[in-house]
Amino acid sequence: MARPERIAVLGGGSWGTTFAKVLADAGNDVVLWVRRAEVAAEINESRYNSGYLPGVELPERLRATDDAAEALQAAEIVVLAVPSQSLRENLAGWQPLLPEDATLVSLSKGVELSTLKRMSQVIAEVADVPMGRVAVVSGPNLAKEIAAEQPTATVVACPDEPRAVALQQACSTSYFRPYTNTDLVGIEIAGACKNVIALACGMAVGLGFGHNTMSSLITRGLAETTRLGVALGADPMSFAGLAGLGDLVATCMSPLSRNRTFGERLGRGETLAQAQDAAHGQVSEGVKSCSSIRELAARHGVEMPITDVVYGVCHEGLQPGPAAAELLGRERKPE
Ligand SMILES: NC(=O)C1=CN([C@@H]2O[C@H](COP(=O)(O)OP(=O)(O)OC[C@H]3O[C@@H](n4cnc5c(N)ncnc54)[C@H](O)[C@@H]3O)[C@@H](O)[C@H]2O)C=CC1
Ligand SMILES: O=C(CO)COP(=O)(O)O
């Protein structure tokens with residue numbers, strides 16, 4: 001393998017901790033920043049992050065700290081693993097500590113509410129770096145399965161291809177296979193939109209519907225996601241890949257998905273507040289991103305009927321049953 005990289009992962013939730021494990025298993029020196037000192041101590045002393053990844057032993061090469069300056073010291077790659085809606089605020093605090101020329105990597109799947117920006121745009125703006133220094137990792141990557149070292153593939157996207165290749169090298173393991181791509185727009189729009197479609201699939205499960213319904217939502221969800229991506233300048237082929245169809249299928253079909261689980265609770269008749277309580281602080285990005293994605297679509301004249309009804313259920317009191325009827329009652333059209 002190539003020379004080990006010094007890597008900071010900022011955010012010790014389920015995906016941040018899991019991706020830090022992948023990077024350490026790939027032979028790098030990884031420092032994971034977590035918000036709470038007791039979580040850092042647990043990781044360093046017992047090798048577990050029991051709050052997010054119970055039962056998963058973390059590698060020796062992974063160290064944790066609650067001191068961002070310590071995590072960022074001499075980092076060649078900086079991985080951002082906090083929820084989308086807090087990324088701007090977190091990154092603004094870390095900005096003075098960012099090492100020059102480090103690749104800044106987003107793991108977050110969402111669109112910012114206040115600006116309708118993708119995470120790479122937020123990062124380039126707040127860190128004041130060219131887009132060529134920003135990368136995104138996205139694919140069918142349910143954290144718990146990867147933490148258990150079940151095989152999966154992913155996409156490492158960066159407009160600067162050599163940087164994408166370096167990051168691909170840094171996160172390749174026997175169970176994690178990254179492919180490079182240069183289409184940041186497509187990879188990020190796919191990742192943000194699949195959470196909204198997973199909410200819809202969860203609602204369908206909660207309503208007692210089966211695989212035909214799920215498959216219809218996945219396929220038409222991919223169609224509306226691709227329409228939005230293409231309107232924003234994405235390569236349509238990205239949506240047929242791992243970060244598009246791949247992640248959509250994994251998230252919509254798996255009971256491990258927080259978005260699908262959240263939707264299922266709504267489908268069973270729980271309120272937004274009840275579903276939020278049951279999530280125990282874990283993020284279901286689609287609940288907020290359905291608003292920003294819907295607005296982005298309206299701004300670009302793109303029709304996103306599934307996103308519209310998910311927004312209706314999450315934020316306007318529409319019930320899942322009538323939401324399904326609304327989708328089925330739309331004007332008939334060619335595929
Ligand atoms: N969990 C998964 O399987 C995957 C998650 N993602 C994405 O990765 C991102 C992070 O997700 P997870 O790690 O799963 O979330 P999580 O809910 O498990 O953890 C979020 C982490 O961010 C921290 N955090 C929460 N609010 C914060 C705030 N306001 N400021 C600073 N830190 C805050 C929490 O302490 C926690 O460490 C999300 O955008 C998610 O969509 C992407 C791929 C897989
Ligand atoms: O992005 C994910 C899988 O690729 C995780 O999905 P959830 O956030 O719905 O758990």
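## The surroundings of ligand 2

Around ligand 2 there are 13 residues, of which Asn141, Leu142, Ser257, Arg258 and Asn259 come nearest. The model described here is a predicted one, and the shell around this ligand is a useful place to begin reading it. Three helices, namely helix H8 (184–206), helix H10 (242–253) and helix H11 (258–267), each supply at least two residues of the shell around ligand 2. Of the elements involved, H10 gives the most to that shell, with 3 residues.

Sorted by class, the residues of the shell around ligand 2 comprise 4 that are nonpolar, 5 that are polar and 4 that are charged. Because domain 1 (6–182) and domain 2 (185–328) both give residues to the shell around ligand 2, this ligand lies between the two domains.

## The surroundings of ligand 1

The shell around ligand 1 holds 24 residues, and those that come nearest are Gly13, Trp15, Ser86, Ser108 and Ala143. Helix H1 (14–25) and helix H4 (84–94) are the elements that give two or more residues to this shell.

In terms of class, the shell around ligand 1 consists of 9 nonpolar, 12 polar and 3 charged residues. Domain 1 (6–182) and domain 2 (185–328) each contribute at least three residues to the shell around ligand 1.

## The two domains and their contact

The protein is divided into two parts, domain 1, which covers residues 6–182, and domain 2, which covers residues 185–328. The C-alpha centres of domain 1 and domain 2 are 24 Å apart, and the contact between them takes 25 residues from domain 1 and 26 residues from domain 2.

On the side of domain 1 that touches domain 2, the elements that give two or more residues are H4, helix H5 (119–127), strand E6 (134–138), helix H6 (143–147), strand E7 (152–157) and strand E8 (176–181). Among these elements, E7 gives the most to that side, with 4 residues. The side of domain 1 that touches domain 2 is made up, by class, of 12 nonpolar, 8 polar and 5 charged residues.

## Helix H8 against helix H9

Helix packing can be followed pair by pair, and two packed helices are described by the angle between their axes and the distance between the axes. H8, which also supplies residues to the shell around ligand 2, packs with helix H9 (residues 211–231) at an angle of about 150°, the axes being 9 Å apart. H8 and H9 are therefore roughly antiparallel to each other, and H8 passes H9 in a right-handed crossing.

On the H8 side, the contact is made by Val185, Gly186, Ile189, Ala190, Cys193, Ile197, Ala200, Cys201 and Ala204, while on the H9 side it is made by Thr213, Met214, Leu217, Ile218, Gly221, Thr225, Leu228 and Gly229. By class, the residues of this contact of H8 with H9 divide into 12 nonpolar and 5 polar, with no charged residues.

## Helix H8 against helix H14

H8 also packs with H14, here at an angle of about 70° and with the axes 9 Å apart. That angle makes H8 roughly perpendicular to H14, and the crossing of the two helices is left-handed.

The residues that make the contact are Val196, Ile197, Leu199, Ala200 and Met203 of H8, together with Ile306, Thr307, Val310 and Val313 of H14. The contact of H8 with H14 divides into 8 nonpolar residues and 1 polar residue, with no charged residues.

## Helix H14 against helix H15

Helix H14 (residues 305–315) packs in turn with helix H15 (residues 320–328), at an angle of about 160° and with their axes 10 Å apart. That angle makes H14 roughly antiparallel to H15, and H14 passes H15 in a right-handed crossing.

In this pair, Pro305, Ile306, Val309, Gly312 and Val313 in H14 meet Pro320, Ala323, Glu326 and Leu327 in H15. The contact of H14 with H15 has, by class, 7 nonpolar residues, 1 polar residue and 1 charged residue.

Notes
Residues numbered from 1 in each chain as written. Chains lettered and ligands numbered in written order. Predicted model: local features only at pLDDT ≥ 70, side-chain atom pairs only at ≥ 80, totals over all residues. Near = placed C-beta within 6 Å. Nonpolar A, V, L, I, M, F, W, Y, C, P; charged D, E, K, R; others polar. Domains from an automatic or database assignment. Contact = placed C-beta atoms within 7 Å. Axes fitted to C-alpha atoms, helices over the stretch in contact; angles between N-to-C directions. Parallel < 35°, antiparallel > 145°, perpendicular 65-115°, else oblique. Left-handed = near helix turned anticlockwise from the far one by under 90°.
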